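Colleague: I would like a close look at one part of this model: its charged side chains and their surroundings. Please take me through it step by step.

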Amino acid sequence: MKNFLVLIISLLLTSCVSQIQKKEIADIQKFQQELNTEYKSPKKTPLRGDHFTNFKEHPFFPINLKYRISAKVTKTENAEPFELPTSSGKTKTYQEYGKASFVLDGKELTLTLYQSLALSKQEGYEDYLFLPFRDATNEIETYGGGKYMDLKIPTGNTIILDFNKSYHPLCAYNAFDYSCPIVPRENFLPVRIEAGVMYEDVYHQ
């Protein structure tokens, strides 16, 4: 009887985990669809000319929940605003929100989370966090300048970093019309993040 109960509990737990994973995968697929839709929209796309005409969809790494990570957040006390350099040579004002620490493939890693002061004053973006990062896929499968992730201020001391939802800055596709924050060196990861949007060399031709 005891073994039977253990089996039932195990099956229920497996079923719950499976349902959670399906929901997480569906959420990532929604992100991919919305990004493709944005780039196909004449009013929203950063693409111009033939790049827009020929665009079908973004290439993505296969969805991998290994890259959906729960990180511990240490909030930065008395953070001062600073000017973050951009691809155009100008700067944008940001403030450090905190550090997100996590383990990936046995390596202890940390990324700094930022908050745009200009964006935080806009309605609906008060809790927006900006995470720019670079990793070992840059200049190979992904854009050389790195990738971005959009997050929200967590209610507790943990935050989900879903690299499956990482994307390239707009200037990767159109350097003439966009000025994108340059990834700070403290957010260079010494590992491969095989998740999120991949990059095609066609945009550099």
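Modeller: Happy to. A salt bridge here is a side-chain nitrogen of Lys or Arg within 4 Å of a carboxyl oxygen of Asp or Glu. Arg192 and Glu141 form one, with their closest N and O atoms 2.4 Å apart. Before going on, note that this is a predicted model, in which local features need pLDDT of at least 70 and side-chain atom pairs count only at pLDDT 80 or more, while totals for chains, interfaces and linings use all residues. Residues are numbered from 1 along each chain as its sequence is written, and side-chain values use heavy atoms, with hydrogens and water left out.

Let us stay with that pair. Arg192 sits in the segment after strand 7, and Glu141 in the loop between strand 5 and strand 6, so their salt bridge ties together parts that are 51 residues apart in sequence. (Strands are DSSP runs of E with at least two residues, helices are runs of H or I with at least four, and both are numbered from the N terminus.) Arg192 has a second partner: its side chain meets that of Glu194 in a salt bridge of 2.8 Å, N to O. With a relative accessible area of 30%, Arg192 is partly exposed; Glu194, at 34%, is partly exposed as well. (Buried means under 20% relative accessible area and exposed over 50%, with partly exposed in between, using a 1.4 Å probe and protein chains only.) Elsewhere, salt bridges that share partners join Glu24, Arg68 and Asp162 into one network.

Arg192 also leads us to Asp135. Leaving aside residues up to four places away in sequence, Asp135 touches Leu189, Val191, Arg192 and Ile193, where a contact means heavy atoms within 4.5 Å. Asp135 belongs to the loop between strand 5 (128-133) and strand 6 (147-152).

Which side chain of opposite charge is nearest to Asp135? That is Lys147, 6.0 Å away; Asp135 is buried yet has no salt bridge. (In this count Lys and Arg are positive, Asp and Glu negative, and His and the chain ends are left out.) What Asp135 does have is polar company. Its side chain and that of Thr137 are joined by a polar contact of 2.8 Å, and a polar atom of the Asp135 side chain lies 3.0 Å from the backbone nitrogen of Ile193. (A polar contact is a pair of N or O atoms within 3.5 Å; within protein, one must be able to donate a hydrogen and the other to accept it, and residues adjacent in sequence count only if both atoms are side-chain atoms.)

Ile193 then carries us inward. Ile193 is one of the residues with the most contacts inside the largest nonpolar core, alongside Phe102, Leu113, Ile159, Leu161 and Phe163; this core has 23 residues. At least two of its residues come from each of strand 1 (68-75), strand 3 (91-104), strand 4 (107-116), strand 5, strand 6 and strand 7 (158-162). Strand 3 gives the largest share, four residues. (A nonpolar core is a set of buried Ala, Val, Leu, Ile, Met, Phe, Trp, Tyr and Cys residues joined through side-chain atoms within 4.5 Å.) Leu161 shows how such a residue is surrounded: beyond four places in sequence, its contacts include Ala100, Phe102, Leu131, Met149 and Leu151, and also Arg68. Apart from this core lies another, of 22 residues, including Phe31, Tyr143, Tyr167 and Tyr203.

Now back to the charges. The whole count comes to nine salt bridges. One of them pairs Arg48 with Asp177, the closest N and O atoms being 3.4 Å apart. It links distant parts of the chain: Arg48 lies in the loop between helix 1 (2-40) and helix 2 (49-54), Asp177 lies in the segment after strand 7, and 129 residues separate them. Arg48 is partly exposed at 41% relative accessible area, as is Asp177 at 47%.

Finally, the frame around all this. The chain has three helices and seven strands, in the order α-α-β-β-β-β-α-β-β-β along the sequence. Of its 205 residues, 40% are buried. Among contacts between residues at least 6 apart in sequence, 63% join residues at least 24 apart. The C-alpha trace spans about 70 × 45 × 35 Å along its principal axes.
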